[in-house]
Amino acid sequence: LNVKGQRDGSYAFVLDVPAITTMLDDYFTRDSWDVVETSNAKIDFIVGGASTVVDETDRARARTLAQSTGGRVALHVLEGAGHWVHVDAAAELVRLATEDLG
């Protein structure tokens with residue numbers, strides 16, 4: 001989604017459908033679990049409990065990593081939230097996203 005300025009001073013939203021298709025194709029073909037499994041960084045998965053976007057296989061994999069990495073990987077399931085956790089559980093999302101900032 002791009003915002004383009006118009007000659008009359010207004011703005012228009014322009015969708016670049018081919019670019020969106022390319023990005024989605026890349027997203028669905030790339031597997032980054034090796035990065036999660038081998039990184040030294042702290043990784044928090046935040047998933048809406050009612051979301052179907054993160055399937056049970058990936059949730060189980062994240063759960064296993066959360067149990068075996070000594071806290072380096074964490075899985076947070078926001079029950080009742082769908083895929084848009086920032087809408088369905090905004091306060092809890094903010095709390096999780098900021099709790100390590102001190």
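Which residues of H3 are buried? Keep that in mind while we look at the model together, and remember that this is a predicted model.

Let's start with two strands. Strand S3 covers residues 43-48 and strand S4 covers residues 73-78, and they pair in the parallel sense over six bridges. If you want a spot to find on your screen, look at glycine 48, which stands opposite leucine 78 in S4. To get from S3 to S4, the chain passes through helix H3, residues 56-68, and this β-α-β crossover is right-handed.

Now for H3 itself. The helix has 13 residues, and from its first C-alpha to its last it reaches 18 Å, close to the 18 Å expected at 1.5 Å a residue.

Back to my opening question: the buried residues of H3 are Arg59, Ala62 and Leu65. They cover an arc of only 125° around the axis, so they sit on the same side of H3. There is a nice general rule to recall here: an α-helix has 3.6 residues a turn, so residues three or four places apart point the same way.

What do these buried residues pack against? Their partners are helix H2 (33-38), S3 and S4. Turn the helix around, and the face away from the buried side carries the exposed residues Thr57, Gln67 and Ser68.

Let's look at the ends of H3. Aspartate 55 caps the N-terminal end, with a side-chain oxygen 3.2 Å from the backbone nitrogen of threonine 57. Just after H3, glycine 70 takes a positive phi of about 65°.

Next, a residue in the loop between S3 and H3: serine 51. Is serine 51 buried or exposed? Its relative accessible area is 9%, so serine 51 counts as buried. A polar atom of the serine 51 side chain lies 3.1 Å from the backbone nitrogen of valine 53. Leaving aside neighbours within four places in sequence, serine 51 is in contact with Arg59, Ala81, Gly82 and His83. You have met Arg59 already, as one of the buried residues of H3.

For a contrast, go to glutamine 6, in the loop between strand S1 (2-5) and strand S2 (11-14). Glutamine 6 has 38% relative accessibility, so this residue counts as partly exposed. Leaving aside its neighbours within four places in sequence, glutamine 6 is in contact with Tyr11 and Ala12.

If you take one picture home, let it be H3: Arg59, Ala62 and Leu65 are buried, while Thr57, Gln67 and Ser68 are exposed on the face turned away from them. Thanks for listening!

Definitions and conventions
Residues are numbered from 1 along each chain as its sequence is written. This is a predicted model: local features need pLDDT of at least 70, side-chain atom pairs count only at pLDDT 80 or more; totals for chains, interfaces and linings use all residues. Side-chain values use heavy atoms; hydrogens and water are left out. Two strands pair if DSSP finds at least two bridges between them. Helices (H or I, at least four residues) and strands (E, at least two) are DSSP runs, numbered from the N terminus. A crossover is right-handed if, with the strands pointing away from the viewer, the path from the first strand over the helix to the second runs clockwise. The expected span of a helix is 1.5 Å times one less than its number of residues. Buried means under 20% relative accessible area, exposed over 50%, partly exposed in between (1.4 Å probe, protein chains only). The arc is that of the directions from the helix axis to the C-beta atoms. Contact means heavy atoms within 4.5 Å. A polar contact is a pair of N or O atoms within 3.5 Å; within protein, one must be able to donate a hydrogen and the other to accept it, and residues adjacent in sequence count only if both atoms are side-chain atoms.
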